[in-house]
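Colleague: Please pick one spot in this model and look at it closely for me. Then work outwards from there, at whatever pace suits you.

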Amino acid sequence: MFVYLDNSATTQVRPEVAQIMAKTMTEDFGNPSSLHRMGVNAEKILKKARAQVAAALNASPDEVFFTSCGTESDATVLRGVWESRKKQGRRIITTAVEHPAILRSCEALAREGADVIYLPVNRDCTFDTDALRAALTPDTILVSVMHVNNEAGSIMPLAQIRREIDKVNKGILFHTDAVQSFEKLDTDVHRLGVDMLSLSGHKIHACKGIGALYVKKGLYIQPFMLGGGQESGFRSGTENLPAIAGLGEAVRLAEANKAERIAHIADVRNYLKQLLMENIENITVNSPEDGVCSVLNVSFLGCRGEVLLHTLEQDEIYVSTGSACSSHKKGSHVLTAMGLTDEQIEGAIRFSFCEDNTREQMDFVCEKLKAAVASQRRLRSAFKRK
Ligand SMILES: Cc1ncc(COP(=O)(O)O)c(C=O)c1O
């Protein structure tokens, strides 16, 4: 049985999305900047997709800019805010558990003089607002906190963070990386209280290499892609129209049945969690009780997650040991920041779900995992005895 449980790394492109993309490549292939009919038609496609993404964020279409990925959206915010505001202040506040797309950019800005504060997290991978309060200064230029953590699935209290920011200085910009929450949680930018929001297409059944950035109307951040002035001068480069049209379609599909889809994903996730807790001894559930529907992080003590991953792969079950971007490196910075033991970190597996997963698949996964865990524990204890 094929069971794909790595949907936080990437998702399968929906046939409807692929179809629209193919049509945009082969038939509606005009350049949206061209003045002739083909260009006007391409521009219509661009406009439609922008309106679809904007509606899902409760934003206005002129607040949405297409980028090449979530990483580019994140980098645009950090670099752009720094370049436009470094004369006003040098403090940037983020968390210790952000995606490398944020962390690496912060490190680069710190080398240029930014005073970056990394807020610690608790065992549930969310943070105490006391730490934020202590870090906020009136000359802070940016607070960037992810909406959902990609490894633990924890949900960060964005609206509460906004309130804390406003108590200090309403002018401090607030960005969220919503790559893992878009179409899984409410991402109404007004309710969240954010000025900027990053999202990525390939986590919601669009293709890889397309992202978007919401920037609140009236807010200027310096672009770093200069050229033909596309995307209102905010992100030059001929628009990736097939991928943009595909993203619009993926959003349309996701919005069409959002509540049932989320309820189904949560049901499958909770079912697997229950099965694992009842059938496999010595495990710890690392995801918080109130985390996002799509992520379940579990440690199988006495096992190496990577070995389990490859054992499951033989049965066509695909999971992850952490985020795809960091899985080749030693130890997860997220699980470390949560205070997990080395044994828990070593034995951690991230299961990440989408609406295609079923309870029947979870029965199969639990059965195979139980055998894989038992055999690895047996081997390791035999090896230790020698
Ligand atoms: C939280 C988060 N931010 C950013 C990214 C990067 O997105 P992209 O792969 O589109 O660059 C990811 C991808 O895993 C992610 O999980």
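**Starting from one proline**

Modeller: Happy to. Leaving aside residues up to four places away in sequence, proline 61 touches Arg50, Ala51 and Ala54. Bear in mind throughout that this is a predicted model. The proline sits in the loop that runs between helix 2 (37-57) and strand 2 (64-67). One of its contacts can be given as a distance: proline 61 and arginine 50 are 11 residues apart in sequence, and their C-alpha atoms are 5.6 Å apart in space.

Is proline 61 buried or exposed? Neither label fits, because 14 other C-beta atoms lie within 10 Å of proline 61, while "buried" asks for 20 or more and "exposed" for 12 or fewer. Proline 61 therefore counts as partly exposed.

A second loop residue makes a good contrast. Leucine 136 is placed in the loop between helix 5 and strand 5. Here the count of C-beta neighbours inside 10 Å is 21, so leucine 136 is buried. With residues up to four places away in sequence again left out, leucine 136 touches Ile93, Glu164, Ile165 and Val168. There is also a long step along the chain to report: leucine 136 and isoleucine 92 are 44 residues apart, yet 9.1 Å separate their C-alpha atoms.

Ile93 is worth following, as it leads into a set of paired strands. Isoleucine 93 has valine 143 of strand 5 as its bridge partner. Strand 3 (residues 91-95) and strand 5 run parallel and are joined by three bridges. On to strand 6 (residues 173-177): strand 5 is joined to it by three bridges as well, and this pair also runs parallel. Valine 143 appears again here, with phenylalanine 174 as its bridge partner in strand 6. As for its setting, strand 5 (residues 140-144) has five of its five residues buried, so the rest of the structure largely encloses it.

Two backbone angles deserve your attention too. Cysteine 125 has a phi near 65 degrees, which is positive in a residue other than glycine. Cysteine 125 belongs to the loop between strand 4 (115-119) and helix 5 (129-135), and it is buried, because 27 other C-beta atoms lie within 10 Å. Histidine 205 is the other case, with a positive phi of about 75 degrees although it is not a glycine. The loop that holds histidine 205 lies between strand 7 (196-200) and strand 8 (211-215). Histidine 205 counts as buried as well, because it has 27 C-beta neighbours inside 10 Å.

Now to the division of the chain. The assignment splits the protein into domain 1 (3-11 + 258-385) and domain 2 (15-256). Taken over C-alpha atoms, the centres of the two domains are 28 Å apart. Where they meet, 27 residues of domain 1 are in contact with 29 residues of domain 2. On the domain 1 side, the elements that give two or more residues are helix 9 (258-279), strand 10 (295-300) and helix 11 (333-337). That side has 11 nonpolar, 13 polar and three charged residues.

Strand 10 also takes part in an open sheet of three strands, ordered 9-10-12 with antiparallel pairing. Strand 9 (283-285) and strand 12 (348-352) stand at the edges of the sheet, and each has a single partner strand, so one side of each is left without a neighbour in the sheet. From one strand to the next, the twist averages 25 degrees. Strand 9 and strand 10 pair in the antiparallel sense over three bridges, and valine 298 in strand 10 is the bridge partner of valine 285.

Last, the ligand. Which residues come nearest to the ligand? Out of the 17 around it, they are Cys69, Gly70, Thr71, His99 and Ser200. The largest share of this shell comes from helix 3 (residues 70-85), which gives three residues. By class, the shell has six nonpolar, nine polar and two charged residues. Both domains take part, as the shell draws at least three residues from each of domain 1 and domain 2.

Conventions
Residues are numbered from 1 along each chain as its sequence is written. This is a predicted model: local features need pLDDT of at least 70, side-chain atom pairs count only at pLDDT 80 or more; totals for chains, interfaces and linings use all residues. A residue is near a molecule or strand if its C-beta atom, placed from the backbone, lies within 6 Å of it. Helices (H or I, at least four residues) and strands (E, at least two) are DSSP runs, numbered from the N terminus. Ala, Val, Leu, Ile, Met, Phe, Trp, Tyr, Cys and Pro count as nonpolar, Asp, Glu, Lys and Arg as charged, and the others, Gly among them, as polar. Domain bounds come from an automatic or database domain assignment. Two residues are in contact if their C-beta atoms, placed from the backbone, lie within 7 Å. Two strands pair if DSSP finds at least two bridges between them. Axes are lines fitted to C-alpha atoms, for helices over the stretch in contact, and angles run from 0 to 180 degrees between N-to-C directions.
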